[in-house]
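Good morning, colleagues. Please turn to the sequence and the structure that I am about to show.

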Amino acid sequence: MAEAITQCLAASSQDTSSVSVSCSPDLVVLADPLHLGRIVDNYLQNAFKYGEPPVRVEATALGDMVEIRVLDHGLGVPPSSRTSCSASSPVPDVPSMRDKKGTGLGLSIVRGLAEANGGQAYYRPNVPHGSCFIALLPSADGPRR
């Protein structure tokens, strides 16, 4: 998992020097490596585009799953638009996002990739402000599916 995060940060066109990472070096995810990279990259690009620094990537074991979280400290997603952040729909119509270019499919792609690997993806507010996008994927140490 740590290697996947490092590769995504290195390949990013954004300045990632201020992104903090918390991930055990021996944490292993049971997922397609290309899918895992795409999930992490889409979440990071979303944080850079719509959020505000600091950006943090965390990966922790959670039972038989690995929880991957990308957090930012931007305005976050208003409660009325949070459902669309977890559903297969475009970026919600939020004033702070209206001037950003993009198709809004990144979160839908993440959800599909997470589900294809036996996991799930969803949004939680980053309290006190900001966004926290989460992917749960099977741990290589957990039971085989």
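Before I begin, one term: a residue is called buried when its relative accessible area is under 20%. The model before you is a predicted one.

Let me start with strand 5, where that term applies throughout. On one side of strand 5, Ser-131, Phe-133, Ala-135 and Leu-137 are buried, and on the other side Cys-132, Ile-134, Leu-136 and Pro-138 are buried as well. In a regular strand, side chains alternate between the two faces of the sheet. Because 8 of the 8 residues of strand 5 are buried, this strand is largely enclosed by the rest of the structure.

Which strands pair with strand 5? Strand 3, residues 65-71, runs antiparallel to strand 5 and is joined to it by 7 bridges; here Val-66 has Leu-137 as its bridge partner. Strand 4 also pairs with strand 5 in the antiparallel sense, over 6 bridges, and Tyr-122 is partnered with Ile-134. Strands 4 and 5 form a hairpin with 5 residues between them, and in its turn Gly-130 has a positive phi of about 115°.

The loop between strand 4 and strand 5 also holds Pro-128, and the peptide bond leading from Val-127 to Pro-128 is cis, with omega near 15°. Another cis peptide bond runs from Pro-53 to Pro-54, with omega near 0°; Pro-54 sits in the loop between helix 2 and strand 2.

Finally, the overall picture. The protein has 4 helices and 5 strands, arranged from the N terminus as α-β-α-β-β-α-α-β-β. Of its 145 residues, 46% count as buried.

Notes. Residues are numbered from 1 along each chain as its sequence is written. This is a predicted model: local features need pLDDT of at least 70, side-chain atom pairs count only at pLDDT 80 or more; totals for chains, interfaces and linings use all residues. Side-chain values use heavy atoms; hydrogens and water are left out. Helices (H or I, at least four residues) and strands (E, at least two) are DSSP runs, numbered from the N terminus. Buried means under 20% relative accessible area, exposed over 50%, partly exposed in between (1.4 Å probe, protein chains only). Two strands pair if DSSP finds at least two bridges between them.
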